[in-house]
Amino acid sequence: MSSSHGDLTMGTNHRGGSAGFCRVVNNDHTGTILVYPEYSGNRLYQTLGNLQTTPKAGLVIPDFDSGDVLHLTGTTEILIGKEAADLLPRSNLAVKVQIEDARFIHNGLAFRGTSGEQSPYNPPVRFLANEGSSGVDVQRVSDRTVYAKLIKKELLTPTIGRFRFSVSDPEAAGRWKPGQYVALTFEDELGTGYSHMRDDDPASLNDDLVRSFTVSSSRRGGMPEDELEITIRNV
């Protein structure tokens, strides 16, 4: 991706991830829009800084197997916090690109590559909210933050446990029933802060620490309306 700071400076930086990390938001007669999540980097924010001051970018997408190359130019928009998560769940920072021009060049590379081992730093692909495959596409009843406090743990077998949580705002959480799943973030408890690299545990670097669990309790089963249970194996 190439970007610039007005007419003063420009730079080109790599953006990548597991296959599919860049999602197609729209692709019809009204235009083409792409979005991708920003992962942990060196904290210099050179590309994002350029896009903030000059929201234009050029992208080159090579196919090292065929040698074909796709060149794109477009207008960018940086999405932060809720804006990013609403479009690309489990993302706190994302970039949306409205494509303005495209050129496809057949056999444009002078060399070929071979697929190697995937980087352990690549997190799982994050799907669009409307794709229904994000793993956290739960009902959105309210924008209020809801907290779940662990209040009871019961080991049913050596490998299966039942955990009960107190929900801070049941109205905002919406009604739940057995078989639904609940998405919980453990960032406050398990997050280790910023690291540029983490060779001892590379998969944790871009781990959003969001997990989903199946609800195993019912509000009709005598439990208070602000409590729910999950039953899980080998945690």
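User: What volume does the second largest pocket have, and which residues lie nearest its centre?

Analyst: In this predicted model, the second largest pocket holds about 180 Å³ of space. Its lining is made up of 14 residues, and R90, P123, P124, N206 and D208 are those that lie nearest its centre. Sorted by class, the lining comprises six nonpolar, three polar and five charged residues.

User: Why is S217 called buried?

Analyst: The relative accessibility of S217 is 4%, and the word buried applies under 20%, so S217 counts as buried. S217 is placed in the loop between β11 (210-214) and β12 (227-233).

User: What makes the pair S217 and E229 a polar contact?

Analyst: A polar atom of the S217 side chain lies 2.8 Å from the backbone nitrogen of E229, and the cut-off for such a pair of N or O atoms is 3.5 Å, so the distance satisfies the criterion. Leaving aside neighbours within four places in sequence, S217 is also in contact with K177, P178, M223 and L228, among others.

User: Which residues have the most contacts inside the largest nonpolar core, and which elements contribute to this core?

Analyst: The largest nonpolar core has 14 residues, and M1, L51, L59 and V95 have the most contacts inside it. Two or more residues come from each of β4 (31-37), α1 (46-53), β5 (56-62), β6 (69-80) and β7 (93-105), with β7 giving the most, three residues. Apart from this core lies another, of 11 residues, including F165, W176, F213 and I230.

Conventions:
Residues numbered from 1 in each chain as written. Predicted model: local features only at pLDDT ≥ 70, side-chain atom pairs only at ≥ 80, totals over all residues. Heavy atoms only, no water. Core = buried A, V, L, I, M, F, W, Y, C linked by side-chain atoms within 4.5 Å. Buried < 20%, exposed > 50% of the residue type's maximum accessible area, 1.4 Å probe, protein only. Helix = DSSP H or I, 4+ residues; strand = E, 2+ residues; numbered from the N terminus. Polar contact = N/O pair within 3.5 Å; in protein donor to acceptor, adjacent residues only side chain to side chain. Contact = heavy atoms within 4.5 Å. 1 Å grid on protein atoms, 1.4 Å probe; cavity = no way out; pocket = protein on both sides within 12 Å on 5 of 7 lines; lining within 4 Å. Points joined across faces, edges and corners; volume = space filled by probe spheres on them. Nonpolar A, V, L, I, M, F, W, Y, C, P; charged D, E, K, R; others polar.
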